[in-house]
Each structure stands twice: as C-alpha cells, then as structure tokens.
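Me: I have a model open and want to question the terms used for its interior. Take me through the reasoning, please.

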Amino acid sequence: MLKPTEKIWHNGRFIGWEDATIHVLSHVTSYGSSVFEGVRCYATPSGPAIFRVREHLRRLLDSAKIYRIELKYSIDQLADAMVELVRVNHLDSCYFRPLVLRGYGDVGVLPFNNPTETYIACWEWGKYLGPEALAQGVDVCVSSWTRIAPNTLPALAKAGANYMNSQLIRMEAQLNGYAEGIALDTAGYVSEGSGENIFVVRDGKILTPPLGASVLPGITRDSVMQLAESLGIPVVETLVPREMLYIADEVFFSGTAAEITPIRSVDRIQVGKGSRGPVAEKLQKAFFDIVDGKVPDRFGWLMPVGKNEPVTV
C-alpha cells in the first residue's frame, strides 16, 4: 500500500496529498488516456539523488507526443519540480510517479476538448518483487496473454492503457503461484514482463529482445546494457525464442521498480543453477554501487537533490 507524503506537484504548484483528486468522468477514467513514468531517487552519502531523471522525462514527453497530448512543461521544469518535491516531503529516498492525463471535459472518445492535467507524486517504496528477490531470484511463467501488437497500441509509449495488458499478465501469474509473467509478442518471441524488460544469458553473452518485439525502451534496460559493455560482457539485441528461457544459463528482469532481479525458474523449469547467476550478480553490484553512491557516478546517471530546505511550498 502507498505510504502518503505531504505534498504532490500539480500543474506547477504543490498541493496536499489528499487534494490530488480528479472527477469520476475525467477522460482518463473511461479511456485510459494517460502517460506516466516511474523514477527512483536513491539515498547516497551526499544526500538524495534521482536516477536518470532526464531520460525518464524525455520518455514521458515522447509518450505524450505519440498520443497527441499537449504537455506545456519542459524536461528542465519537470526535473526541477521533482527535486523540489523531494525537499518538500523531506525524503532521503523515494519512488516518483510523474503522470499526465486527460481530465474533465467531453466524455466522447475524441479527447481534444479535455484539459491536460500534470501531476508528480513521490513516496517511499521498497523492492518491487520483494527484498529477497534480488539475491534469491523469482519464479515466473510464460503468460497466456500476448503483448500488444504493433500498430494497435504503441509499445514505445508508457501509457496507462497499455498497462491493462500488463495487469492481465501479472494477475494470471500471481493466481497460478508465480511472482511475475513473461509475455511473448504476436510472432511468439519473448517480449517483456508485465512491467520489466528481460535479459537472457547464454555462454557468457547477454541477449535481450529488440524494441520491435513490443518492448518498452526501458531506462534501466539501457543502464544494464551500458554496464555490461563497461564490464566487457557482450550484449546483443535479438529475437529470443521462448525455449531459450528454459536453456539459458541466466535470466533476469530489469526495470525502475524491479531494478535487476534474477529469475530462478520459468514455467517451473529451473534456470541455470536455480539461483542468481554470476552475470546478474556482477551487474547488480555495479548498478547499486553507483546508485548508492559507493563509487563515482561514471555515467552521469544521478541528479543530486541536495540537503537544502525547500524554497517553494
């Protein structure tokens, strides 16, 4: 459950958590007309730092553009708002939810007469698949639900409507005793989890599905690929057959919420040795060393929030 904070940013000003409400007949409630992001802020020795905030916000603007949603705020303005939101709420670490939605106006499908509402909320949030998952891995299944097809809903957009598909994948997995589901694309190749990108390790090489396999261009996905390159681990974007999941040496998820989470079994077939493998462990260490401020941020991923008191209330 969410742990409320004091303030939420809405259309350029801070409002109380309980005041961040919309009308039941807002366009978004009937038609899923929203785009959003998930961004983590990590506690470091020098204070809170937001992970790859500009890349996340660029994807937010891209998603809005794809759906013809007019967003009047720039990346810089939204990033400044996120920094200030951490200060206002006196947090050391948190999870952000920037959210752009079509609000109350017309009730028809055509959305152009509905105002755009922009919110940014943040709260404390732990490990998405459980704290033990990072070390022990999780049991997953291949979902009976296919990922959204090209030219239906745009997979490159992080849109609320897309996540109805994700909900079906996740609910089915949980009801069948799994932590998560892996969806295939319309051609039957591996796509992604309900909210995570996926990587497969075979003979020292990392394989990951290309964007054309109905894959969201994950920010953590890109981070994993950068880390792997820096560690001398080859990464190939390629179509991944379903059966590769069963014979892989390692399989792991990546995502803002999931971070880097190993998969120990797929469809009750053990992956590798049935625990976190050496490649995932090496990538985890490199990732957390940076975001926790234990080593220099050689990629420039972190935006420091600073410990100054908030100047806007």
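Reply: Start with how elements are named: helices and strands are DSSP runs, numbered from the N terminus. The model is a predicted one. With that naming, β14 gives the most to the lining of the largest cavity, 3 residues.

Me: What makes this space a cavity rather than a pocket?

Reply: A 1.4 Å probe fits in a cavity but cannot get out, whereas a pocket is open. The count comes to 1 cavity of 30 Å³ or more. The largest has a volume of about 40 Å³, so it passes that cut-off.

Me: How do you know which residues line the largest cavity?

Reply: Lining residues have an atom within 4 Å of a point. The lining includes Glu-250, Phe-252, Ile-263 and Arg-276. β14 (250–255) and β15 (259–266) each give two or more residues to it.

Me: How does that lining divide by residue class?

Reply: There are 5 nonpolar, 2 polar and 2 charged residues. Gly counts as polar by this rule, and Gly-277 is in the lining.

Me: Why is the set with Ile-50 and Phe-96 called a nonpolar core?

Reply: Members must be buried residues of the listed nonpolar types, joined through side-chain atoms within 4.5 Å. Ile-50 and Phe-96 belong to the largest such set, of 30 residues, and therefore both are buried. α3 (75–88) is among the elements supplying at least two residues. α3 gives the most, 9 residues.

Me: What is Ile-50 in contact with, beyond its sequence neighbours?

Reply: Its contacts include Val-39, Met-82, Phe-96 and Trp-301. A second, separate core has 24 residues, among them Phe-199 and Phe-288.

Methods. Residues are numbered from 1 along each chain as its sequence is written. This is a predicted model: local features need pLDDT of at least 70, side-chain atom pairs count only at pLDDT 80 or more; totals for chains, interfaces and linings use all residues. Side-chain values use heavy atoms; hydrogens and water are left out. Buried means under 20% relative accessible area, exposed over 50%, partly exposed in between (1.4 Å probe, protein chains only). Helices (H or I, at least four residues) and strands (E, at least two) are DSSP runs, numbered from the N terminus. Contact means heavy atoms within 4.5 Å. On a 1 Å grid over the protein atoms alone, a cavity is a set of points where a 1.4 Å probe fits but cannot get out, and a pocket is an open set with protein on both sides within 12 Å along at least five of seven lines; lining residues have an atom within 4 Å of a point. Lists of a residue's contacts leave out its neighbours within four places in sequence.
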